[in-house]
Amino acid sequence: MIEIEHLTVRFGPSIAVRDVSLTVRDGESFGLVGESGSGKSTLLRSIMNLNRDWDGRIAINGLDAHATPRKRLAREIQMVFQDPYASLHPRYVVGEQIAEPMRINRMADIERRTVELLELIGLGAKFRFRFPHELSGGQRQRVSIARALALEPKILLLDEPTSALDVSIQAEILNLLNRLRGELGLTFVIVSHDLAVISYMCDRLAVMRNAELVETLTREALRARDIRSDYTRALVAAS
Amino acid sequence: MSVVSDPIEDPRRALRAARLGEFRVFVRRFLRNPLGVVGFAIVVLLVLVAIFAPLLATHDPYLPSLGKRLSAPSAEFWFGADELGRDIYSRLVYGSRLTLFIVGLVIVTSAPIGLIIGAVSGTVGGWTDRIFMRITDVFLAVPKLLLALAFVAALGPGIVNAALAITLTAWPPYARLARAEAMVVRNSDYVAAARLAGASPFRIIVFHVIPMCLSSVIVRVTFDMAGIILTAAGLGFIGLGAQPPLPEWGAMISTGRRFIFDQWWVPTIPGIAIFVVSLGFNLLGDAVRDLLDPHLRQRR
Amino acid sequence: MSSLVDIDNLRVSFRQDDGSFTEAVRGVSLSLGREKLGIVGESGSGKSLTGRALLGVLPPYARMSVERMSFDGLDLTSATPRVRRALRGGRMGMILQDPKFSLNPVMQVGRQIVEAIRIGDRRISGAAARKRALAMLEAVQIREPERVFGLYPHELSGGMGQRVMIAMMLVREPDLLVADEPTSALDVTVRTQVLSILDELVTRRGMGLILISHDLNLVSRFCDRVLVMYAGHVVEDLQASHLHQATHPYTRGLLACLPSIDGPLTPLPTLNRDAGWAAS
């Protein structure tokens with residue numbers, strides 16, 4: 001469960017996120033929609049403490065995001081990045097990259113777990129010793145997901161997980177994510193500019209614009225066009 | 001025992017095959033650059049000469065024979081004899097060892113220092129960065145040869161001291177280079193992923209940042225080898241590098257320069273050797289940059 | 001009606017590290033009138049290369065062969081680089097996905113547009129060219145053209161940069177515009193705007209437009225005709241309004257695997273690629 005209260009993020013004079021409060025419930029899939037510069041990715045990175053300059057309160061499964069050591073949080077929450085071409089280290093084989101978080105946290109049975117994770121995300125053990133440049137974008141994104149799952153987190157943040165991929169690959173990744181959520185009982189927070197993807201993937205969603213939260217609504221409300229703000233309506237019309 | 005292939009072992013073989021294949025591609029691309037091959041050949045030749053110096057030399061490089069001083073090139077003295085009657089060819093052959101020794105010593109000391117300082121500075125940022133970079137600036141602000149001169153003068157002349165002095169002047173560019181790469185890498189998603197997994201700054205620098213800085217530094221090192229040879233020869237020439245009777249090429253030119261008008265071969269032959277070897281390193285450096293430089297590579 | 005562009009059996013290949021060549025475009029033929037043609041395909045389908053080959057801006061390491069390639073009756077295969085350059089400056093234009101790479105970073109965008117105008121019309125006065133540039137910026141829905149005129153490319157947002165690019169291409173009044181993913185870097189609300197600007201200008205000036213995109217829905221809404229490319233081949237050529245009656249399994253698969261706001265929540269159908277598609 002993620003609780004965000006009055007989160008404000010400043011980059012110098014400009015405000016990237018202004019007084020946002022929201023709650024992501026256990027086990028749900030929560031969507032953040034908005035256009036570029038709306039602050040949705042900044043919000044995600046603040047939850048992960050990738051930028052530490054924010055005011056407000058963020059609690060992840062009851063743990064304060066500022067005060068809790070990184071290694072403790074790492075087992076609760078992990079993140080998958082947008083660009084599969086930039087999120088894997090180009091010099092290490094896939095198996096190494098999946099094993100890295102487990103090595104950092106001195107887990108047992110790393111070899112076996114790596115193979116299991118590769119099977120889980122549908123690539124199989126034969127990919128263990130491949131370099132990222134030998135893989136397609138979709139395969140790389142699968143590896144990123146496996147790496148994020150290595151520490152068995154309960155929450156997964158996904159920053160535009162499919163926007164760099166072809167549509168047919170997007171379908172495969174979305175199906176994979178839904179399957180993983182069912183099998184592992186994960187909570188998702190998905191950031192996307194694509195309302196169709198959010199509507200397909202998420203139970204609830206928040207719309208962001210110009211650093212502010214415009215509205216929060218359920219999938220049912222979205223589909224019934226039970227929408228309060230004009231901006232959300234414009235987004236729906238444009239999709 | 002049955003001959004079922006181990007599912008873990010198999011992909012390892014695939015990895016080896018992939019690495020081998022990549023190496024082949026690398027070699028093929030290298031061979032496409034004829035000047036690079038020439039440079040590589042010169043460097044290999046230098047190494048071979050250094051290894052087999054005792055077999056290749058026709059005379060003892062240190063044994064004077066005053067009766068034959070300043071002999072012209074002939075069947076006995078292929079490149080002539082110097083002012084003490086020592087065979088210039090044999091001295092050149094043994095001198096290649098000194099050249100390689102200096103180059104090697106400078107590289108193994110300066111490249112790691114520069115790499116580590118640059119990677120730490122670029123990754124950590126803040127005050128660490130400012131302090132390290134100002135130190136680097138101080139070293140960069142003084143002309144290279146002058147700095148080396150001052151150090152040798154303080155440490156006392158000699159071949160190891162000369163190499164150390166060159167190291168002191170050689171590391172700052174590596175630090176700058178590694179810092180620039182590190183500043184890009186530290187903001188990359190794969191470093192963010194490592195941080196999210198709880199990796200310590202030390203781990204990030206050693207396992208994530210430094211491997212990405214390596215290729216730029218290697219390219220720069222190959223280029224710098226020519227410069228190191230020239231600086232070493234320069235120090236030898238003014239008497240602060242290798243001391244007599246060591247057959248260091250710069251020192252050979254220095255002692256032979258009195259004879260340049262009458263016995264031209266005495267200073268000229270080592271001069272040609274220095275020229276050829278530094279050219280070889282330069283050509284090799286060029287080719288290596290074409291292959292490894294991450295910026296050029298993307299544009300290919 | 002004679003067509004504006006005719007391409008017959010276009011092939012583009014790249015040299016691999018081991019010296020062999022791989023074909024990225026394998027025998028594409030197309031003809032274009034004064035209409036809006038969409039080329040759709042996934043990455044690696046050869047759609048962008050087809051557009052680049054037509055404009056003569058393939059990367060230097062690519063090898064091209066074509067039986068016939070003509071532009072408004074002019075044979076492009078025998079045209080000199082000089083002629084092709086002149087064509088690109090005037091009668092053919094290209095809009096790329098990322099305006100960052102197409103605008104000169106050290107020149108105000110307004111001056112770049114003025115320069116484009118003056119290349120086309122050498123006798124135009126500075127003031128008149130400036131006026132036309134401002135009018136064009138207004139035409140692409142830029143709110144404060146005077147202010148944007150004096151900005152440098154890095155000061156523009158993605159959507160604004162793309163509109164400036166479009167303005168720069170359109171002041172030359174080209175007969176053919178090739179737009180390679182012109183809107184995929186833009187937000188959805190801006191996207192519709194940019195497309196409608198393009199649409200209006202294309203219709204009013206009667207130019208030919210080739211829109212290259214990975215987005216089937218967008219292309220079918222916007223274009224008259226759609227070519228679907230797969231692995232260097234054109235697998236389907238149909239009227240945009242008939243897209244949903246597509247027969248090729250690849251086109252059908254692409255359409256099916258898109259989620260939609262009101263779509264079912266069952267797993268998305270995925271594409272089973274048939275080796276035969278690439279060979280056809």
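Strand 9 (residues 204-209) of chain A and strand 10 (212-218) of chain A run antiparallel and are joined by 6 bridges, where strands are DSSP runs of E with at least two residues, numbered from the N terminus, and two strands pair if DSSP finds at least two bridges between them. This is a predicted model, in which local features need pLDDT of at least 70 and side-chain atom pairs count only at pLDDT 80 or more, while totals for chains, interfaces and linings use all residues. Residues are numbered from 1 along each chain as its sequence is written, chains are lettered from A and ligands numbered from 1 in the order in which they are written, and side-chain values use heavy atoms, with hydrogens and water left out.

Within this antiparallel pair, M208(A) has L213(A) of strand 10 as its bridge partner. The two strands form a hairpin with 2 residues between them, and N210(A) in the turn has a positive phi of about 45°. Strand 9 of chain A is largely enclosed by the rest of the structure, because 5 of its 6 residues are buried, that is, under 20% relative accessible area with a 1.4 Å probe and protein chains only (exposed means over 50%, partly exposed in between).

Strand 9 of chain A also runs parallel to strand 3 of chain A, to which 5 bridges join it, and here F30(A) is paired with R204(A). Strand 3 (residues 29-34) of chain A in turn pairs in the parallel sense with strand 8 (residues 187-192) of chain A over 5 bridges, with L32(A) standing opposite V191(A).

These pairings belong to an open sheet of 6 strands in chain A, in the order 6-7-8-3-9-10 and with mixed pairing. Its edge strands, each pairing on one side only, are strand 6 (77-80) and strand 10 (212-218). The twist averages 15° from one strand to the next. Helix 5 (residues 137-149) of chain A, touching strand 6 and strand 7 (155-159), packs on this sheet, and its direction makes about 170° with that of strand 6. Helices are DSSP runs of H or I with at least four residues, axes are lines fitted to C-alpha atoms, for helices over the stretch in contact, and angles run from 0 to 180 degrees between N-to-C directions.

Chain A meets both chain B and chain C. In the table, contact means heavy atoms within 4.5 Å, and buried area is the accessible area (1.4 Å probe) that two parts lose on being put together, summed over both.

| Chains | Residues in contact | Buried area | Share on carbon and sulfur |
|---|---|---|---|
| A and B | 35 residues of A, 23 residues of B | about 2,500 Å² | 60% |
| C and A | 24 residues of C, 25 residues of A | about 2,200 Å² | 56% |

Of the area that chain A buries against chain B, 25% comes from H89(A), R91(A) and F129(A), more than from any other three residues. On the chain C side of its contact with chain A, V188(C), I261(C) and L265(C) supply 29% of the area that chain C buries, again more than any other three residues.

A salt bridge is a side-chain nitrogen of Lys or Arg within 4 Å of a carboxyl oxygen of Asp or Glu. Chain A and chain B have 1 salt bridge between them, in which the side chains of E100(A) and R203(B) meet at 3.1 Å, N to O. Between chain C and chain A the count is likewise 1 salt bridge; R225(A) forms a salt bridge with D262(C), with the closest N and O atoms 2.8 Å apart.
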